[in-house]
Amino acid sequence: MPSLDPRSPLVLDSRELGRRAGSMKVMQFTVAAPADLGVALVVVPTGSDVEFDIRLESVMDGVLVTGTALVTVAGECSRCLEPLAFDTEVDIQELFTYPETDSRGREIPGSNSDDDLPQLEGDYFDLEPTLRDAVVLALPLVPLCQPDCQGLCSLCGVNLNDEPDHVHEVVDARWAALADLATKDSSDE
Ligand SMILES: [Zn+2]
Ligand SMILES: [Zn+2]
């Protein structure tokens with residue numbers, strides 16, 4: 001009784017591949033990005049195109065999936081807060097293992113000895129967790145609109161990329177006091 005929904009675009013069917021070790025299948029397909037895909041400052045917009053270019057390989061222990069997914073990323077620059085958007089390719093690599101079988105050769109769901117590896121459910125496996133991991137690894141934690149983004153002025157918040165010559169006259173308090181005296185002197189005359 002599989003809990004994976006075969007109608008989900010990221011749940012793939014390994015049936016065509018067969019379980020003969022060495023058989024291989026190349027798949028190229030586009031799905032709509034699932035919700036909440038990304039990190040704090042940058043995300044893959046929900047519903048945007050995710051273009052998979054992957055290879056399924058039947059290996060001893062299961063199905064090895066390798067390839068790439070091309071995603072659109074949107075967010076804001078961590079220094080100047082301007083919106084940014086770019087496409088990036090993330091690496092997909094996952095081994096989906098077969099469940100163990102009982103003495104009659106029937107698969108025991110959830111019986112995988114290695115808990116870290118995702119498992120096939122019947123002929124199906126779910127690429128969504130793999131995609132999420134790959135995207136989180138690939139997205140920058142400190143996204144920048146350009147490598148040398150100048151950020152914002154810490155005093156007034158102006159975007160320093162737009163105004164490279166922007167400076168504030170920093171007046172030392174002691175000089176300010178002298179300047180006051182000077183004005184008083186001149187007004188006394
Ligand atoms: Zn910036
Ligand atoms: Zn300023």
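Cys156 counts as partly exposed, because its relative accessibility is 45%. The model here is a predicted one, and in it Cys156 helps to hold the zinc ion (ligand 2), binding through its SG atom. Cys153 (SG), His166 (NE2) and His168 (NE2) also coordinate this ion, and the donor distances run from 2.0 to 2.3 Å. Cys153 has a relative accessibility of 10%, so this residue counts as buried.

What arrangement do the four donor atoms make around the zinc ion (ligand 2)? They subtend angles of 104 to 116°, and therefore the arrangement is tetrahedral. If you follow the sequence, you will find these donor residues spaced as C-x2-C-x9-H-x1-H.

Now to the zinc ion (ligand 1). Its protein donors are the SG atoms of Cys77, Cys80, Cys145 and Cys149, and they lie 2.3 Å from the ion. This site is tetrahedral too, with angles of 107 to 113° among its four donor atoms. Along the chain, the donors of the zinc ion (ligand 1) follow the pattern C-x2-C-x64-C-x3-C.

Is Cys149 buried or exposed? Its relative accessibility is 4%, so Cys149 counts as buried. Cys145, at 35% relative accessibility, counts as partly exposed.

Here are the cysteine donors with their accessibility values:

| Residue | Relative accessibility | Class |
|---|---|---|
| Cys145 | 35% | partly exposed |
| Cys149 | 4% | buried |
| Cys153 | 10% | buried |
| Cys156 | 45% | partly exposed |

Methods: Residues are numbered from 1 along each chain as its sequence is written. Chains are lettered from A and ligands numbered from 1 in the order in which they are written. This is a predicted model: local features need pLDDT of at least 70, side-chain atom pairs count only at pLDDT 80 or more; totals for chains, interfaces and linings use all residues. Side-chain values use heavy atoms; hydrogens and water are left out. Donors are N, O and S atoms within 2.8 Å of the metal (3.2 Å for Na, K and Ca); water is not among the atoms, so sites may look incomplete. Four donors count as tetrahedral if all angles lie between 85 and 135 degrees; four count as square planar and six as octahedral if opposite donors are over 155 degrees apart and all others between 65 and 115; anything else is irregular. Buried means under 20% relative accessible area, exposed over 50%, partly exposed in between (1.4 Å probe, protein chains only).
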